[in-house]
Amino acid sequence: MLKRLATVLLIVFAVTLQGCVSGGGLQAYADQYSGYEFMYPTGWVEVEVPGAADVVFHDFIHETENVSVVISEVPEGKDLDALGTPTEVGYKLSKSFSALAGDDSSVDLLSAQRISTADNKTYYILEYLADLPAGPRHNLASAIVRRGKLYTFNASTDEGRWEKVKDMMKQSVASFKVS
C-alpha cells in the first residue's frame, strides 16, 4: 500500500514538474562578462558540458532538450553580413554540425532569415532538422557577430517533442541579445 502511494505521488510530482517546465514560462540569464542575455524555460538547470559551449541549460526531465551559447572567433573586421546571407551562413553551420555529428548523421537547413533590431544589430535566425543516430532533432539558432566574435544561441529538442515545445523554444531564441 505504501509503495503504491509513493508511486502515485512520484507520478503526480513528475507530471506537475513537467507541466511547470513545459508551460511555466521563461526566466532570464545574463552573462555580463561576455555581454549576452537570453530567456530559458523555468525549471531548467545549468550544466557543465566540456567543449565549445559557453553555457548550457537543459530540461530537468527531458535532459536532451537544451539551450546553449557558443562563441567563436571571426576574421577581423567581419560582420555577420560579410560572412554571407542567412542561407549561406546557415548552410555553412549545417555542414559544421554534420561533420561534428559523424558519418551517420545529416543536418538540413529548414529556414534562414535576417532580423534587424531597432539599435541596428543584425541577427540571423536559423532552423535545422538533424537526422542523428539517436533520432531526429529540431534546432533553432540565433547568430550575431559582435566585437570580433560570432555568438550563436541554440535551442534543441527531439523532433517528437517539437510541436509541444516549439513556441517556448522560439521565444527563447527571440530573446537572445548581445550587447
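## A tour of two sheets and a surface patch

Start by selecting strand 5 (66-73) and strand 9 (residues 149-158): the two run antiparallel, and eight bridges join them. Keep in mind as you click around that this is a predicted model.

Now zoom in on one rung of that ladder. Pick Val-70, then look across to strand 9, where its bridge partner is Thr-152. If you're wondering what holds such neighbours together, strands of a sheet pair through backbone hydrogen bonds, either parallel or antiparallel.

**Zoom out to the whole sheet.** Which order do the seven strands take? Colour them and read across: 3-4-5-9-8-7-6, an open sheet with antiparallel pairing. For the edges, select strand 3 (45-47) and strand 6 (106-116); each of these pairs on one side only. Look along the sheet and you can check the turn between neighbouring strands, which is 20° on average if you ignore direction.

Next, select helix 4 (residues 162-174). What does this helix touch? Helix 4 packs on the sheet, making contact with strand 5, strand 7 (122-132), strand 8 (135-146) and strand 9. Compare directions too: that of helix 4 makes about 160° with that of strand 9.

**Hop to the other sheet.** This one is open as well, with three strands in the order 1-2-10 and antiparallel pairing. Its edge strands are strand 1 (26-31) and strand 10 (177-178), each pairing on one side only.

Select strand 1 and strand 2 together. They run antiparallel, with six bridges joining them, and they form a hairpin that has four residues between the strands. Click on Gly-35 in the turn: its phi is positive, about 80°. Right beside it in the sequence is Tyr-36, the bridge partner of Asp-31.

Stay on Tyr-36 and look toward strand 10, where Val-178 stands opposite. Then try Glu-37, which has Lys-177 opposite it in strand 10. How many bridges join strand 2 (residues 36-41) to strand 10? There are two, and these strands run antiparallel.

**Last stop: the surface.** Switch on a surface view and select Val-45, Phe-60 and Ile-61. Together they form a nonpolar patch with about 240 Å² of accessible area. To place Phe-60, find the loop between strand 4 (53-58) and strand 5 (66-73). Why does Phe-60 count as partly exposed? Its relative accessible area is 48%, and partly exposed covers what lies between under 20% (buried) and over 50% (exposed).

Terms used: Residues numbered from 1 in each chain as written. Predicted model: local features only at pLDDT ≥ 70, side-chain atom pairs only at ≥ 80, totals over all residues. Heavy atoms only, no water. Patch = residues over 30% accessible without salt bridge, like charges linked within 9 Å, V, L, I, M, F, W, Y side chains within 5 Å. Areas by Shrake-Rupley, 256 points an atom, 1.4 Å probe, with all protein chains shown as cover. Salt bridge = Lys/Arg side-chain N within 4 Å of Asp/Glu carboxyl O. Buried < 20%, exposed > 50% of the residue type's maximum accessible area, 1.4 Å probe, protein only. Pairing = 2+ DSSP bridges. Axes fitted to C-alpha atoms, helices over the stretch in contact; angles between N-to-C directions. Contact = heavy atoms within 4.5 Å.
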